Amino acid sequence: MLVLGIETSCDETGIALYDTKRGLLADALHSQIELHVEYGGVVPELASRDHIVKTLPMIEALMQQAGITAKQIDGVAYTAGPGLIGALLVGASLGRSLAMGWGVPAVGVHHMEGHLLAPMLEDNPPEFPFVALLVSGGHTQLVDVQAIGHYALLGESVDDAAGEAFDKTAKLLGLPYPGGPQIAQLAKQGNPGRFTFPRPMVNRPGLDFSFSGLKTFAKNVIRAESNAAGELDPQTCADIAHAFEQAVVSTLSIKCKRALQQTNRSRLVIAGGVSANTILRVELETMAKKNNAQLFYARPEYCTDNGAMIALAGARRLDAGQCESLAIDVHPRWPLTDLAPL
Ligand code: KG4
Ligand code: ZN
């Protein structure tokens with residue numbers, strides 16, 4: 001089954017062609033970072049308007065590049081939520097309309113299910129069951145995954161998501177949006193041990209997270225270290241970035257270890273934008289080894305938003321016979337645990 005996937009939930013237009021037998025055939029991504037950078041974050045209306053301009057030409061170009069005609073496509077998958085409503089509606093109306101025109105089924109994919117299944121695009125895909133750490137700009141969740149659609153929420157952030165904490169702390173340090181990759185880059189020059197940030201909620205039982213305190217902690221350190229003109233020297237900036245990244249990574253690692261022990265699972269999948277972080281991958285690799293577990297993740301470009309993960313997740317659901325009615329429907333808020341099993 002050959003599926004066209006469309007991702008337009010936030011500030012990336014992602015298009016992909018995924019075949020259930022042959023795997024990923026082609027994918028393309030357009031990032032809107034330049035469009036939003038002067039505002040320090042995503043402006044929803046600008047995001048929707050840009051998706052309108054980009055999505056259809058990108059689909060045409062990708063099909064041409066892959067040598068695929070409309071007749072060969074067996075289904076269409078688009079992100080139906082969670083995300084920005086206007087941005088979601090662009091992908092949903094286009095995806096639904098193409099499917100109707102082509103006479104094939106369409107399915108609305110849950111963005112976080114897309115992230116969760118992205119490691120299956122790789123050569124050594126994880127088998128079910130596993131524990132998944134979903135770490136993106138909008139979500140930080142630990143999920144026990146028995147199979148597609150069999151999701152039990154183990155814990156989640158009670159305030160900011162991990163990616164959001166990276167973005168907000170980056171802003172305080174004067175770094176551009178999105179802050180995660182910027183902090184990771186700067187942290188490489190940081191001196192370990194100059195600052196120690198707290199590891200929020202690790203001394204409490206349970207698997208929930210809280211990251212908003214880290215941003216406040218960063219704000220206080222920045223204030224204390226700034227000169228009279230409110231400026232930080234570059235080395236101090238790097239030292240703060242290092243300490244912040246370490247705090248997020250070790251907090252996530254402590255909770256992942258706890259989740260593996262609690263569920264007795266031997267596989268850990270990490271997904272979402274923050275799972276592209278190298279320090280997180282290294283730390284979790286070490287933790288997993290010590291706990292006789294195996295770690296799985298996608299290559300960095302499939303950790304952040306992309307069309308390939310939506311095409312894959314949609315293909316699995318369409319292949320199992322699930323599809324939508326002709327109505328165009330999106331869900332800006334959509335708990336992962338509401339999904340139907342396959
Ligand atoms: O999954 P994603 O592309 O979009 C959402 O669904 O939210 O995640 C974006 C988030 C941003 O907060 C970004 O700063 C963060 O992922 N991110 C990173 C890295 N790359 C992206 N955070 C830390 N280290 C990275 N290398
Ligand atoms: Zn995402």
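**Surface, zinc site and loops of a predicted model**

The protein exposes about 14,600 Å², and 52% of that area comes from carbon and sulfur atoms. The structure is a predicted model, so everything below is read from predicted coordinates. Turning from the surface to the inside, 52% of the 342 residues count as buried.

As for overall form, the C-alpha atoms fill a box of roughly 65 × 45 × 30 Å along the principal axes. The radius of gyration is 20 Å, which agrees with the value near 20 Å that a compact globule of 342 residues would have. The chain is built from 11 helices and 10 strands. Contacts often reach far along the sequence: of those between residues at least 6 apart, 73% join residues at least 24 apart. Charge is part of the general picture too, with 27 positive and 35 negative charges whose mean positions sit 5 Å apart.

The zinc ion (ligand 2) is a good place to start with the details. H111 and H115 each offer NE2 to the zinc ion, and D305 joins in through OD, at 2.0 to 2.1 Å. Read along the chain, these donors follow the spacing H-x3-H-x189-D. The site therefore ties together distant parts of the chain, since H111 belongs to helix 4 (residues 111-117) while D305 sits in the loop between helix 10 (300-303) and helix 11 (307-319), 194 residues away. Both H111 and D305 are buried.

Helix 4 also leads on to another buried spot. P126 lies in the loop that runs from helix 4 to strand 6 (130-135). With a relative accessibility of 7%, P126 falls under the 20% cut-off and so counts as buried. Setting aside residues up to four places away in sequence, P126 touches P119, M120, V269 and F296. Y297 is a long way off in sequence, 171 residues from P126, yet the two C-alpha atoms are 8.8 Å apart in space.

L207 gives a similar kind of picture elsewhere in the chain. This leucine is found in the loop between helix 6 and helix 7 (212-225). Its relative accessibility is 4%, so L207 counts as buried. Apart from neighbours within four places in sequence, L207 is in contact with L142, L154, G155, E156, K255, R258, A259 and Q262. Another pairing involves L252, which is 45 residues from L207 in sequence and 9.7 Å from it in space, C-alpha to C-alpha.

L56 sits in helix 2 (residues 44-66). At 34% relative accessibility, L56 counts as partly exposed, because this value lies between the 20% and 50% limits. Its C-alpha is 9.8 Å from that of L98, and the two residues are 42 apart in sequence.

The backbone has a few quirks of its own, starting with cis peptide bonds. One runs from G81 to P82, with omega near -15°. P82 is located in the loop between strand 4 (75-81) and helix 3 (85-102). Another cis bond joins Y177 and P178, where omega is about -10°. Here the proline belongs to the loop that connects helix 5 (162-172) with helix 6 (179-187).

Two asparagines call for a look at phi. N264 has a positive phi of about 65° even though it is not a glycine. It lies in the loop between helix 8 (234-263) and strand 9 (267-271). N264 has a relative accessible area of 71%, so it counts as exposed. N292 has a positive phi as well, about 55°, and again is not a glycine. Its loop is the one between helix 9 (278-290) and strand 10 (294-296). A relative accessible area of 69% puts N292 among the exposed residues.

Pulling the loops together, P126 is a buried loop residue, and so is L207. N264, by contrast, is an exposed loop residue, as is N292. D305, a zinc donor, is a loop residue too and is buried.

Methods
Residues numbered from 1 in each chain as written. Chains lettered and ligands numbered in written order. Predicted model: local features only at pLDDT ≥ 70, side-chain atom pairs only at ≥ 80, totals over all residues. Heavy atoms only, no water. Helix = DSSP H or I, 4+ residues; strand = E, 2+ residues; numbered from the N terminus. Rg over C-alpha atoms; globule rule 2.2 N^0.38 Å. Buried < 20%, exposed > 50% of the residue type's maximum accessible area, 1.4 Å probe, protein only. Contact = heavy atoms within 4.5 Å. Areas by Shrake-Rupley, 256 points an atom, 1.4 Å probe, with all protein chains shown as cover. Lys, Arg positive; Asp, Glu negative; His and termini not counted. Charge placed at Lys NZ, Arg CZ, Asp CG, Glu CD. Donors = N, O, S within 2.8 Å, 3.2 Å for Na, K, Ca; no water.
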